[in-house]
Amino acid sequence: VLFGLGAVGLQEDHLPGEKPPVRQPWDTHTPAPPSERLIVRAWWELAQLRQVRERVAAEVCGWPDVGEPAWKTLEDGGWDEAWRVHCKPVRVREGLVIAPPWCAEPGDLILEPGMAFGSGEHPTTRAMLDVIATRAVPGARCLDVGTGSGILAIAAAHLGMDVWGVDTDLQAVQAAADNASINTLRMRIDATPLQDVRGGFELVVANLYAEVLVALAPELIRVCAGRLAVAGVLLEKADMVKEALGALRLVEERPAGDWISMEFER
């Protein structure tokens with residue numbers, strides 16, 4: 001109905017304190033029942049204001065349980081560009097800086113922020129970048145499982161490794177390939193399922209949720225020919241990952257806030 005009244009956008013929100021927890025793909029419990037009431041926000045062009053207020057009052061406010069609307073005028077703040085101020089260069093070490101294209105300096109790796117996960121600012125991504133900066137051996141093979149934006153694969157390739165990045169999300173594969181191209185780095189990026197990856201890799205990196213790491217554990221162990229680094233693990237779920245990867249030797253743990261990264265060795 002609101003779109004029919006000319007709204008250019010709509011958003012539903014839960015009332016304060018009523019937002020249910022996000023349901024993850026591995027959750028088996030019964031989903032929370034839908035909320036009985038929601039907040040609905042709608043946007044119109046300012047020129048429509050008078051007519052829209054009259055029509056909303058006449059056509060919507062009479063419905064059962066619909067409260068009186070609150071109206072607010074918003075200035076055009078350049079929202080399409082404002083998000084860029086939150087994307088800043090990530091300095092991993094001397095000679096390894098990852099930056100968005102609008103503030104990259106000569107020698108930086110360029111990463112175009114987009115839909116795929118991995119800008120370098122999240123502690124899990126940063127932990128894996130630190131591992132790559134420390135463990136990269138030029139000419140050795142690196143497998144990036146769940147490559148996302150390709151940030152880890154790009155860092156490894158920049159440091160001279162022979163890199164293969166895989167992801168089940170085709171959008172992520174395209175984003176990673178585009179980011180590799182921007183940096184003129186040669187690497188293999190595709191949607192090959194991990195069970196179909198052949199050969200061993202001196203360094204395997206996987207920045208994934210604990211539940212996904214557990215499910216992939218047999219394959220991660222199989223492809224690891226040297227060191228496996230994992231992140232994306234909440235502290236309270238570290239033990240389940242350690243148990244699943246028990247065929248490898250745990251050599252290092254790095255807590256960072258609510259998260260922990262771990263390194264295993266064959």
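**Exercise 1. Which residue in β4 is the bridge partner of Arg 93?**

Let's start with a small piece of this predicted model and work outwards.

- Step 1: Find the two strands. β3 covers residues 90-93, and β4 covers residues 96-99.
- Step 2: Check how they run. β3 and β4 are antiparallel, joined by three bridges.
- Step 3: Read off the pair. Arg 93 has Leu 96 in β4 as its bridge partner. For Arg 91, the partner in β4 is Val 97.
- Step 4: Look at the turn. Two residues separate β3 from β4 in this hairpin, and Gly 95 in the turn takes a positive phi of about 85°.

**Exercise 2. Place the β3-β4 hairpin in its sheet, and name the edge strands.**

- Step 1: Get the order. The sheet is open and has three strands, arranged β3-β4-β5.
- Step 2: Pick out the edges. β3 and β5 (109-110) each pair on one side only, which puts them at the edges.
- Step 3: Note the pairing. It is mixed in this sheet.

**Exercise 3. Work out the strand order of the seven-stranded sheet and describe its pairing.**

- Step 1: Walk across the sheet. The order reads β8-β7-β6-β9-β10-β12-β11, in an open sheet with mixed pairing.
- Step 2: Mark the edges. These are β8 (188-190) and β11 (249-256), each with pairing on one side only.
- Step 3: Ask how far neighbours turn. On average, neighbouring strands here are turned by 15° against each other, ignoring direction.
- Step 4: Take a parallel pair. β6 (residues 141-145) and β9 (residues 201-207) pair in the parallel sense over four bridges. Leu 143 sits opposite Val 204 in β9.
- Step 5: Now take an antiparallel pair. Seven bridges link β11 to β12, and Ala 256 faces Trp 259 in β12.
- Step 6: Finish with the turn. β11 and β12 make a hairpin with two residues between them, where Gly 257 has a positive phi of about 65°.

**Exercise 4. How do α3 and α4 cross, and which residues meet?**

- Step 1: Recall the recipe. A pair of packed helices is described by the angle and the distance between their axes.
- Step 2: Fill in the values. The axes of α3 (residues 123-135) and α4 (residues 151-158) come within 10 Å and cross at roughly 20°.
- Step 3: Classify the angle. Angles under 35 degrees count as roughly parallel, so α3 is roughly parallel to α4.
- Step 4: Add the hand. The crossing of α3 and α4 is right-handed.
- Step 5: List the contacts. From α3 come Thr 125, Met 128, Leu 129 and Ile 132; from α4 come Ile 151, Leu 152, Ala 155 and Ala 156.
- Step 6: Sort them by class. The α3-α4 contact has seven nonpolar residues, one polar and no charged ones.
- Step 7: See what else α3 touches. It lies across β9, β10 (224-234), β11 and β12 (259-265), and runs at about 170° to β9.

**Exercise 5. Is the protein compact or spread out for its 266 residues?**

- Step 1: Take stock. The protein has seven helices and 12 strands.
- Step 2: Compare the radii. The radius of gyration is 23 Å, while the globule rule gives 18 Å for 266 residues.
- Step 3: Conclude. The value is well over the rule, so the protein is more spread out than a compact globule.
- Step 4: Add the dimensions. The C-alpha trace spans about 70 × 50 × 35 Å along its principal axes.

Key. Residues are numbered from 1 along each chain as its sequence is written. This is a predicted model: local features need pLDDT of at least 70, side-chain atom pairs count only at pLDDT 80 or more; totals for chains, interfaces and linings use all residues. Side-chain values use heavy atoms; hydrogens and water are left out. Axes are lines fitted to C-alpha atoms, for helices over the stretch in contact, and angles run from 0 to 180 degrees between N-to-C directions. Angles under 35 degrees count as roughly parallel, over 145 as roughly antiparallel, 65 to 115 as roughly perpendicular and the rest as oblique. A crossing is left-handed if the near helix is turned anticlockwise from the far one by less than a right angle, and right-handed if clockwise. Contact means heavy atoms within 4.5 Å. Ala, Val, Leu, Ile, Met, Phe, Trp, Tyr, Cys and Pro count as nonpolar, Asp, Glu, Lys and Arg as charged, and the others, Gly among them, as polar. The radius of gyration is taken over C-alpha atoms; the globule rule is 2.2 Å times the number of residues to the power 0.38.
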